Amino acid sequence: MKVLSVASEIFPLVKTGGLADVAGALPSALAGKGVAMRSLVPGYPAVMRALGRKKPVLKYPLLHGGKAVVHAARAGDLDLFVLDAPHLFDRPGGGPYGDAAGHDWPDNWRRFAALSQVGGDIAAGAVSGYRPDVVHAHDWQAAMTLAYMRYGKAPGTPSVMTVHNLAFQGQFGAGIFGELGLPGQAMTVDGVEYYGGVGFLKAGLQAAWAITTVSPTYAQEIRTPEFGMGLDGLLSLRSADLHGIVNGIDTDIWNPATDRQLGAVYGAADLEARAKNRSAVEERFNLQGDQSPLVCVVSRLTWQKGMDMLAGAVDGIVAAGARLAVLGSGDPGLEGALLGAAARHRGRVGVLIGYDEALSHLMQGGCDAILIPSRFEPCGLTQLYGLRYGCVPVVARTGGLADTVIDANEAAVEANAATGFQFAPNSGEALLHAVHRMVELHQNPVIWASIQRQGMKADLSWDRSAEKYAGLYRSLLSRKAV
Ligand code: ADP
């Protein structure tokens, strides 16, 4: 089965978030399952530099204001179609979407309409010798691919739209419609029209044969006004075609038995070795060394992540008998509040502002628990790393957090099934209640080690996700055959 994936980011070439991980990991995870995935990505400078031999397979004398060439190329394990359109993608600094100062490029609609138009052309067989059986578009930047297929020459090709975070929708004024090259009938409520303008993600959701998001609970939540960000009505209408598939993690990079960022490597059989990493974390965060549970937070410091709630709960966490190590950056107000809390609780609370990949590994490998009080969380990665490292997740019961952590309630503990702690509703009070439960169970080394080991046993590989995507592609193909 040939699947064309269209994405604006792909790991390891260009990454700002989880979308890149999924786009980068799926092709090799699918290869063993009878699915050959090729990915269409923009030719940003970083992508062009990474290509080995490349072969032009499609030429555009004029694509949204300039010449463009699609190259077939490989980069590592990835089989790519790269849209080389310098007037759109050869830009300095700042990542895929904006300038070095962090401002989005004003013509992002054009850049990603162009990507999508090319996706639609390839879907329709424009590259000689290649016609995909299924097209899989990621997030708003690729979503219009499905509209170009629907209103162009590939309405009969099954398609999947994956939403990584509904907060980003690609909404633009109606004025751009005339430049999209779509027929007039597309500018309707069941087409690309969205609140009087053009909605890229909306158009993709409308045109897709199937919709996925990155956890079953988030798939449910986005059908409600609270989480739906204006698209809950449409998503509810399409609920029969809406699926949640949890992301995997890179189990080679995140492997406590081989992780070079750790002072001591370990497995489920020698959890005592974690003590050395714990001491190293205590040292980095200027914390007193004792036997009380050491809880960490590794996060963007934002409202979505519940970091305001965390700041308000610090005194209670300390009073519950735990210590806290926070690594993160983001909202300056929240940074200040957390630094203030650390100053109030010297030796019990440490806060480092910044992004430090190596330290994040050490924290997972040494802390007893990781606290994740997100208000919404499409999938979430840090709880998955926590599970794999025996750093017990304490999480808000939302999105992917709800789907990946088994709460240590009495029945789950009794059955040796628990892997962490969940709390709801998402309030400081419920958070503290979970911290108290965590502190209590931490005092029982047998139960605590069982919770750690259960988490470490969980299958968090991409293989499992890939199996589900492959199943979905197959079901769409059989729907097509009917
Ligand atoms: P999101 O993508 O919404 O920020 P995820 O949990 O899906 O949340 O992924 C966050 C990723 O970023 C994880 O790999 C986490 O370890 C990493 N991360 C977040 N903040 C930091 C930080 N300050 N230092 C190091 N790694 C961080």
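Lys-2 sits in strand 1, and its bridge partner in strand 2 is Ala-36. Keep in mind as you look that this is a predicted model. Strand 1 covers residues 2-6, while strand 2 covers residues 36-42. The two strands run parallel and are joined by five bridges. Is strand 1 enclosed or open to the outside? Four of its five residues are buried, so strand 1 is largely enclosed by the rest of the structure.

Follow the chain onward from strand 1 and you come to a loop that leads to helix 1 (18-31), and Pro-12 lies in this loop. Look at the peptide bond that joins Phe-11 and Pro-12: the bond is cis, with omega of about 5 degrees. It helps to know that most peptide bonds are trans. A second cis bond is found between Ala-424 and Pro-425, where omega is near -5 degrees. Pro-425 also has its place in a loop, this one between strand 18 and helix 17 (428-442).

Now for another feature of the backbone, the angle phi. Most residues other than glycine have a negative phi. His-64 is not a glycine, yet its phi is positive, at about 50 degrees. You can find His-64 in the loop between strand 3 (54-60) and strand 4 (68-75). Tyr-195 also has a positive phi, near 45 degrees, and is likewise a residue other than glycine. Its loop runs between strand 9 (193-194) and strand 10 (197-199).

Which of these two side chains would you expect to find buried, and which exposed? His-64 has a relative accessible area of 13%, and because buried means under 20%, His-64 counts as buried. Tyr-195 has a relative accessible area of 64%, and since exposed means over 50%, Tyr-195 counts as exposed. For a case in between, turn to Ser-279, which is partly exposed with a relative accessible area of 39%. Ser-279 belongs to helix 10, which covers residues 274-284. In sequence, Ser-279 and Asp-290 are 11 residues apart, and in space their C-alpha atoms are 9.4 Å apart.

Let us move on to a sheet. Six strands form an open sheet, with parallel pairing, in the order 15-14-13-16-17-18. Which strands stand at the edges? They are strand 15 (349-353) and strand 18 (421-423); each has a single partner strand, so one side of each is left without a neighbour in the sheet. On average, neighbouring strands of this sheet are turned by 20 degrees against each other, direction ignored. To see one pairing in detail, look at strand 17 (residues 392-396), which pairs with strand 18 in the parallel sense over three bridges. Here Ala-396 stands opposite Phe-423 in strand 18. As you look at strands, remember that in a regular strand the side chains alternate between the two faces of the sheet.

Strands of this sheet also help to hold our next subject, the ligand. How many residues surround the ligand? There are 15, and the closest are Arg-300, Lys-305, Gly-354, Asp-356 and Leu-381. At least two residues of the shell come from each of strand 13 (294-301), strand 14 (323-330), helix 13 (357-366) and helix 14 (382-389). Strand 13 gives the most, with three residues. By type, the shell divides into five nonpolar, six polar and four charged residues.

Three of the closest residues place polar atoms by the ligand. In Lys-305, a polar side-chain atom lies 2.9 Å from an oxygen atom of the ligand. In Asp-356, a polar backbone atom is 3.0 Å from a nitrogen atom of the ligand. In Leu-381, a polar backbone atom is 2.9 Å from an oxygen atom of the ligand. On its own, the ligand has 560 Å² of accessible area, and the protein covers 84% of this.

Finally, take a look inside helix 14, one of the elements that supply residues to the shell around the ligand. Gln-383 is found in this helix. Is Gln-383 buried or exposed? Its relative accessible area is 0%, so Gln-383 is buried. The side chain of Gln-383 makes a polar contact with the side chain of Thr-404, at 3.1 Å.

How values were computed. Residues are numbered from 1 along each chain as its sequence is written. This is a predicted model: local features need pLDDT of at least 70, side-chain atom pairs count only at pLDDT 80 or more; totals for chains, interfaces and linings use all residues. Side-chain values use heavy atoms; hydrogens and water are left out. Buried means under 20% relative accessible area, exposed over 50%, partly exposed in between (1.4 Å probe, protein chains only). A residue is near a molecule or strand if one of its heavy atoms lies within 4 Å of it. A polar contact is a pair of N or O atoms within 3.5 Å; within protein, one must be able to donate a hydrogen and the other to accept it, and residues adjacent in sequence count only if both atoms are side-chain atoms. Accessible areas come from the Shrake-Rupley method with a 1.4 Å probe; for residues, only the protein chains shown count as cover. Ala, Val, Leu, Ile, Met, Phe, Trp, Tyr, Cys and Pro count as nonpolar, Asp, Glu, Lys and Arg as charged, and the others, Gly among them, as polar. Two strands pair if DSSP finds at least two bridges between them. Axes are lines fitted to C-alpha atoms, for helices over the stretch in contact, and angles run from 0 to 180 degrees between N-to-C directions.
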